[in-house]
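Me: I would like a close look at a single part of this structure, followed outward into its surroundings. Please keep the account formal and connected.

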Amino acid sequence: MRYTTIGSDPGSARKVSVLSLGAMRFGTMTDEATSFAILDRYVAAGGNFIDTSNNYLYFVHGTQGGESEALLGRWRASRGIGDEVVIATKVGARPTAPATGLDGPREGLSRAAIREASQRSRARLGVPRIDLYYAHVPDQRGVPLDEQAAAFGELVADGTVGLLGLSNHWAWQLERARGLAATAGTARADVLQYHHTYLRMRTDIPDRRFSPDGEIGAADGSILSYLRAEPGMALVAYSPLLNGAYTRPDKELDRGYDHPGTRARLKALDQVVTETGATANQVVLAWLIGGELPVMPLVGASSTGQLDESLAAVDLRLSAEQRQLLDAAD
């Protein structure tokens, strides 16, 4: 395993594996025995960076979520896991009532909602402190960013949260929230979480559920350039393998990838796959891990075999020529 550091403050920074494991489906779509086996295999390989959220995975059984956090709590207790494993969770997108769809009211990011949700997440995870706490999505009720920044800062100040992160926010919201925290002298978000992969996604297509201005959750040029301009920040890239679309013909790409650049990049990817003998998934993960920007792919797995494929990508080193070929394809 290879490692990197998240957090710009030496007092709270954490050393984490460059490959993060997503626990979204654990406890619902992936049963407990399989989930435990995947977690055990990940830790045995040196992995120590696990991702979940307080709303995972509510729409499977029509709940409010929390199944994933609760399973991780049981796994930690049964295995004697302590501070050596960094667990990230999120707040803001938990439905206010049991739900089966993505529409509907969410808990939001008021001071009261953040504090209550953090207490409940700690209880489910069985931890006194959340290692990394993300604002999952922008607040839909108009809670001012200064209230949000202050609320997260209070959790860090009282020791119940270690590091802060922002996920699926517009670039202006990132800058404003971090600026408000800096002005107030409180902790600010050092970790970003967005969808990011080798193929480039169009972000101008309106999303009827979340924003008429386009795709808010993808790491477009504004997010990547922000990361480049802010040393000490890092990006956790979710859905880097496009739910199997790189390797499975039965998996269709999202319409956001329907443009000429996709075909050029897939051609370059095929060439590197042939040269390395690796799978397309492994080349994509190696490209993310070994790039100029600090990116940690976040992978899911429904079996230990799937996880093993991703773990093998950590040791795949692309040559300068291969990386140039992949980078230049457009």
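Reply: Strand β7 (residues 161–167) has 7 of its 7 residues buried, so the rest of the structure largely encloses this strand. The model in which this is seen is a predicted one. In general, the side chains of a regular strand alternate between the two faces of the sheet.

On one side, β7 runs parallel to β6, and 5 bridges join the two strands. Within this pairing, Y133 has L164 of β7 as its bridge partner. The chain passes from β6 through α5 to β7, a β-α-β crossover that is right-handed. Strand β6 (130–135) is itself mostly covered, with 6 of its 6 residues buried.

The connection from β6 to α5 (145–157) is a loop, and P144 lies in that loop. P144 is partly exposed, since its relative accessible area is 40%. Between the C-alpha atoms of P144 and A177 the distance is 9.7 Å, with 33 residues separating the two in sequence. A177 falls within helix α6 (residues 171–184).

That helix belongs to the next step of the chain: β7, α6 and β8 form a β-α-β unit, again of the right-handed kind. Strand β8 (residues 191–195) is parallel to β7 and is joined to it by 3 bridges. One of the pairings sets S167 against Q193, its bridge partner in β8. β7 is therefore buried along its 7 residues, with β6 as one parallel partner and β8 as another.

These pairings belong to a wider arrangement. The strands β3-β4-β5-β6-β7-β8-β9-β10 make a closed barrel of 8 strands with parallel pairing. From one strand to the next, the twist averages 30 degrees. Helix α5 packs on this sheet, where it touches β5 (86–91), β6 and β7. The direction of α5 makes about 155 degrees with that of β7.

Going back along the barrel from β6, one reaches β5, which is joined to β6 in parallel by 4 bridges. Here T89 has Y133 of β6 as its bridge partner. Y133 thus takes part in a bridge with T89 and in another with L164 of β7. The link between these strands also has a helix in it: β5, helix α4 (residues 111–125) and β6 make a right-handed β-α-β unit.

In the other direction, 5 bridges join β8 to strand β9 (residues 234–238), and these strands run parallel. Y194 stands opposite A237 of β9, while H195 stands opposite Y238 of that strand. β9 is mostly covered, as 4 of its 5 residues are buried. Beyond β9 comes strand β10 (residues 295–299), which pairs with β9 in the parallel sense over 4 bridges. A237, already named opposite Y194, stands opposite P297 in β10.

Two helices, α8 (residues 260–276) and α9 (residues 280–289), also deserve description. Their axes come within 9 Å and cross at roughly 105 degrees. This angle makes α8 roughly perpendicular to α9. On the α8 side the contact is made by R265, L269, V272, V273 and T276, and on the α9 side by A280, V283, V284 and W287. Of the residues in this contact, 7 are nonpolar, 1 is polar and 1 is charged.

The account may end with a residue from strand β1 (residues 3–6), namely T5. The C-alpha atoms of T5 and P294 are separated by 9.5 Å, although their positions lie 289 residues apart along the chain. Apart from neighbours within four places in sequence, T5 is in contact with A13, R14 and K15.

How values were computed
Residues numbered from 1 in each chain as written. Predicted model: local features only at pLDDT ≥ 70, side-chain atom pairs only at ≥ 80, totals over all residues. Heavy atoms only, no water. Axes fitted to C-alpha atoms, helices over the stretch in contact; angles between N-to-C directions. Parallel < 35°, antiparallel > 145°, perpendicular 65-115°, else oblique. Contact = heavy atoms within 4.5 Å. Nonpolar A, V, L, I, M, F, W, Y, C, P; charged D, E, K, R; others polar. Buried < 20%, exposed > 50% of the residue type's maximum accessible area, 1.4 Å probe, protein only. Pairing = 2+ DSSP bridges. Right-handed = clockwise from strand over helix to strand, strands pointing away.
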